[in-house]
Amino acid sequence: MSLKDDLYKEVILDHYENPRNYGKLENPHICEKGANPLCGDELELCLKLDGDIISEISFEGKGCSISQASSSMMTELVKGKSKEHAFNLMKKFKSAIVEDIPQEFSEEEYELESLLGVKKYPVRVKCAVLAWNTLEQALKKEEK
Ligand code: ZN
């Protein structure tokens, strides 16, 4: 186990034990549920939009450390950002973890790299992308 792997484990554990933006949102504009039955992960995402900006976002859920840490990181990275930014970040993350195409992550986004270690395990990849897929569904629902 390298030093980097240890660091990544700590990042995931920290988000799992102290999830950011966890809880219910008052008067959300959109809520969307996601699940990963293979692992037993469940997630409900709620958000508020201010024009094109995701002004508030929160999640509740249960499941493995990867799914919960990924949800926590995702909410932190898209809160206060435009929908377009969120979509682009989702594409970048999924490209890196699903297609194994190397991506450049900014300093703000570096925690996402901690999840990339699971890309060899298809079941765990589903855990890591659950939050992003649920966000995508939520934003598409809003556009209808
Ligand atoms: Zn899982």
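**Close-ups of a predicted model**

**View 1. I57 and the residues around it.** Leaving out residues up to four places away in sequence, I57 touches N21, L25, L45, C46, L47, M74, T75, V78, K79 and L135. Keep in mind that this is a predicted model. I57 sits in strand β3, and with a relative accessibility of just 1% it counts as buried. One of its contacts, L45, is 12 residues away along the chain, yet the two C-alpha atoms are separated by 7.3 Å.

**View 2. Inside the largest nonpolar core.** This core has 39 residues, and the ones touching the most other members are L47, F93, L112, W132 and L135. Two or more residues each come from α1 (3–17), β2 (41–50), β3 (53–62), α2 (65–78), α3 (83–98) and α4 (122–143). Helix α4 chips in the most, with 10 residues. Zoom in on L112 and, neighbours within four places in sequence aside, you'll find it in contact with M73, L77, L89, F93, F105 and W132. As a general point, nonpolar side chains tend to be buried together in soluble globular proteins.

**View 3. Helix α2, wrapped up by the rest.** Of the 14 residues in α2, 12 are buried, so the helix is largely enclosed by the rest of the structure. Among the buried ones are I66, A69, M73, M74, L77 and V78. The buried residues of α2 pack against α1, β2, β3, α3 and α4. The length checks out too: at 1.5 Å a residue the helix should span 20 Å, and its end C-alpha atoms are indeed 20 Å apart. Just past α2 comes G80, which takes a positive phi of about 85°.

**View 4. A salt bridge from a loop to α2.** R20 and E76 form a salt bridge, with their closest N and O atoms 3.6 Å apart. R20 is in the loop between α1 and β1 (30–36) while E76 is in helix α2, so the pair ties together parts that are 56 residues apart in sequence. Both are partly exposed: R20 at 21% relative accessibility and E76 at 38%. Add D14, and you have a network of salt bridges linking D14, R20 and E76.

**View 5. Two more charged pairs.** The whole structure holds 10 salt bridges. In one, the side chains of K81 and E108 meet at 3.1 Å, N to O. K81 belongs to the loop between α2 and α3, and E108 to the loop between α3 and α4, 27 residues apart. E108 is partly exposed, at 46%. In another, K140 pairs with E136, again with the closest N and O atoms 3.1 Å apart. These two are four residues apart in helix α4, which means about one helical turn separates them.

Note on methods
Residues numbered from 1 in each chain as written. Predicted model: local features only at pLDDT ≥ 70, side-chain atom pairs only at ≥ 80, totals over all residues. Heavy atoms only, no water. Core = buried A, V, L, I, M, F, W, Y, C linked by side-chain atoms within 4.5 Å. Buried < 20%, exposed > 50% of the residue type's maximum accessible area, 1.4 Å probe, protein only. Contact = heavy atoms within 4.5 Å. Expected span 1.5 Å × (residues − 1). Salt bridge = Lys/Arg side-chain N within 4 Å of Asp/Glu carboxyl O.
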